[in-house]
Amino acid sequence: MKTAIMGFGNPVRSDDAVGIYVIEELRKKLPETEDISIFDMGTAAFEVLFGLKGHDKIILVDAVLNSNEPVGTLFKVPAKEVMKAPQDDPMVFLHGMKWDQALSYTKKIMQDEYPEDIQVYLVAIENTKLEVDLSDEVKDAGDKIVQHILEDLKLPIPS
């Protein structure tokens, strides 16, 4: 089974970079293999369409604002719970699209090739100031996501 892992976030907006942090940590811990693709998506979204092709399983990591939960709270949700419906509006600007809407477009375009196994990890954040460091709570949540992904992939967890 081929798995794609995608981390989203802005590396200069403090806790918003948790998805990128997870990707960096996974690159240190995962062996190179053709069965796992790791993508630092930054703030990209439409590129999701191209990154998903040929994968059976997708794991997405991102930050979430205004969750009404303490900073660092970790959520694991099915993608269908957070996907936005595609808009058939020809004026949709692809550069402004977030990954949740890009997933919907991906499903519409790929149809039968769209992977059924899509997992989304979200971390509650508040700080999106122009800073490059994660808060301790968000970094801890990112470390937990790395462990969850390694367990999910049934790979030995490095110490």
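## Reading a predicted model, from helix H5 to the salt bridges

Modeller: Start just past a helix. H5 is followed by Lys154, whose phi is positive, near 60°. Keep in mind that this is a predicted model.

Colleague: How many helices and strands does the protein have?

Modeller: There are five helices and five strands. Read from the N terminus, the order is β-α-β-α-β-β-α-α-β-α.

Colleague: Back to H5. What span should its 17 residues have?

Modeller: Count 1.5 Å a residue, and the expected span is 24 Å. The C-alpha atoms at the ends of H5 are 24 Å apart, so the two values agree.

Colleague: Which residues of H5 are buried?

Modeller: Buried means under 20% relative accessible area. In H5 that holds for Val138, Ala141, Gly142, Ile145, Val146, Ile149 and Leu150. Their cover includes E1, H1, E3, strand E4 (74–78) and E5.

Colleague: What is the general idea behind a nonpolar core?

Modeller: In soluble globular proteins, nonpolar side chains tend to be buried together. Now the case here. The largest nonpolar core has 24 residues. Ile5, Val22, Leu26, Leu30, Val123, Ile145 and Ile149 have the most contacts inside it. At least two core residues come from each of helix H1 (18–29), strand E2 (36–42), strand E3 (57–65), strand E5 (117–125) and helix H5 (136–152). H5 gives the most, six residues. There is also a second, separate core of 14 residues, with Met41, Ala79, Tyr114 and Leu122 among them.

Colleague: How much of the protein is buried?

Modeller: Of the 159 residues, 43% are buried. The protein exposes about 9,000 Å², and carbon and sulfur atoms supply 50% of that area.

Colleague: Which residues make the nonpolar surface patch?

Modeller: Val12, Leu130 and Val132 make it, and the patch covers about 300 Å². Val12 sits in the loop between strand E1 (3–8) and H1.

Colleague: Why does Val12 count as partly exposed?

Modeller: Its relative accessibility is 37%, so it falls in that class. The class runs between the buried limit of 20% and the exposed limit of 50%.

Colleague: Is Thr3 buried or exposed?

Modeller: Thr3, in strand E1, is buried, because its relative accessible area is 3%. Set aside its neighbours within four places in sequence. Thr3 then touches Asp35, Ile36, Ser37, His55, Lys57, Ile59 and Leu153.

Colleague: What share of contacts joins residues 24 or more positions apart?

Modeller: Among contacts with a separation of 6 or more, the share is 76%.

Colleague: How many salt bridges does the structure hold?

Modeller: Four. To read one, check the distance between a Lys or Arg side-chain nitrogen and an Asp or Glu carboxyl oxygen: the limit is 4 Å. Glu25 and Lys28 pass, with their closest N and O atoms 2.9 Å apart. Both lie in helix H1, three residues apart, about one turn of the helix. Glu25 is buried at 13%, whereas Lys28 is exposed at 65%.

Colleague: Which salt bridge links distant parts of the chain?

Modeller: Asp117 with Lys57, at 3.9 Å from N to O. Asp117 is in strand E5 and Lys57 in strand E3, 60 residues apart. Lys57 is buried at 5%, and Asp117 is partly exposed at 28%. Lys57, Asp117 and Asp152 are linked in a network of salt bridges.

Colleague: Which salt bridge does Lys139 form?

Modeller: Lys139 pairs with Asp143, and their closest N and O atoms are 3.6 Å apart. Both residues lie in helix H5, four residues apart. Both are partly exposed: Lys139 at 35%, Asp143 at 25%.

Conventions
Residues are numbered from 1 along each chain as its sequence is written. This is a predicted model: local features need pLDDT of at least 70, side-chain atom pairs count only at pLDDT 80 or more; totals for chains, interfaces and linings use all residues. Side-chain values use heavy atoms; hydrogens and water are left out. A nonpolar core is a set of buried Ala, Val, Leu, Ile, Met, Phe, Trp, Tyr and Cys residues joined through side-chain atoms within 4.5 Å. Buried means under 20% relative accessible area, exposed over 50%, partly exposed in between (1.4 Å probe, protein chains only). Patches are made of residues with over 30% relative accessible area and no salt bridge: like charges are joined within 9 Å, nonpolar side chains (Val, Leu, Ile, Met, Phe, Trp, Tyr) within 5 Å. Accessible areas come from the Shrake-Rupley method with a 1.4 Å probe; for residues, only the protein chains shown count as cover. The expected span of a helix is 1.5 Å times one less than its number of residues. Contact means heavy atoms within 4.5 Å.
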